[in-house]
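Reader: Hey, got a minute to walk me through this one?

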Amino acid sequence: MSLIAILFALFEASYGSLLGEKSVPKPESDQQDDASSADIDIDLDLPDGATLIKLHGTFMVIAWLGTTSMGILISRYFKRTWVNRQIFGTEAWFFWHRCCMLFTWTFTLIAFIMIFIDVDGWSYDEAPHAILGTITTILCFFHPILAMFRPNPGDEKRKYFNWGHWFGGNLAHILAMVTIFLSITVKKAQLPVWMYAILSLVVLAYVTAHVYFTVLLRKAQQHGAYANRNIDAPYSTWRKRGLLIFGLIFLCFVVAIATIIILAPIGNGGTPEDQTENV
């Protein structure tokens, strides 16, 4: 919990003014008292609900729109890229896949704890978002743990594990995307309705990435050199370039959406119902 408290303190120190907190000039005597006590005691009180919600949303966006999307693409299309190259004794594609998913796992659990601290338990006001978010977090929590018990590559049960791992990971990703869309209807988040358009563009970029890499995979499989597993599959350069381009696209989207979450309410903020009432 000390790590979370430190994160809260750093966030408030950096973004306190963005969250609507205004500094009020203190009397000179109070400032002297503060200065004298600063080196005696450091208070890491938990922030208010607005800060917790913004941190929760930011961490979830990083995890599910950023690192998960990249991790799935690397796992699906890059097993025949960086062949014979290892990082810390692990195949390069698997190392980067695991790094992405470790970030997802960590950010998701921290964000889940944050929102439970904010609502002090379970929120019945935002049932669809809360239910799908909880299911996603449960899937996310157990997914890497179950992966630790995967059968050896030559084991007959390995194919069943592969299908289960694929299904569980993609199900969690889809549910997370739906949950993020539903967050726009959460009153406390105060997100603008035009966030739907930005999130739709993220989905479009992700689908486009799958189409791009699938086309390259099909073309590579038709190439004679594809049978040689000791070298990179054909079109390796195109795959690497595509990964860089889509990685930058996802990064731009994540930064933009996280900024909107932190600055909310901006524009016509709030839920669609609230905005209708304000017309």
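Author: Sure, we'll go through a helix pair, a salt bridge and a nonpolar core.

Author: This is a predicted model, where local features need pLDDT of at least 70, side-chain atom pairs count only at pLDDT 80 or more, and totals for chains, interfaces and linings use all residues. Residues are numbered from 1 along each chain as its sequence is written, and side-chain values use heavy atoms, with hydrogens and water left out.

Reader: Cool. How do α7 and α8 cross?

Author: The axes of α7 (residues 195-221) and α8 (residues 236-263) come within 11 Å and cross at roughly 170°. Axes are lines fitted to C-alpha atoms over the stretch in contact, with angles from 0 to 180 degrees between N-to-C directions. Helices are DSSP runs (H or I, at least four residues), numbered from the N terminus. The two are therefore roughly antiparallel, a label for angles over 145 degrees.

Reader: Which residues of α7 and α8 meet?

Author: Among them are Leu 199, Tyr 206 and Phe 213 in α7, and Trp 238, Phe 246 and Ile 257 in α8. Contact means heavy atoms within 4.5 Å.

Reader: New topic: which residue forms a salt bridge with Lys 240?

Author: Asp 232, with the closest N and O atoms 4.0 Å apart. The rule is a side-chain nitrogen of Lys or Arg within 4 Å of a carboxyl oxygen of Asp or Glu, and the count comes to one.

Reader: And what does Leu 65 touch?

Author: Leaving out residues up to four places away in sequence, Leu 65 touches several residues, including Met 60, Leu 199 and Ile 257.

Definitions and conventions: Angles under 35 degrees count as roughly parallel, over 145 as roughly antiparallel, 65 to 115 as roughly perpendicular and the rest as oblique.
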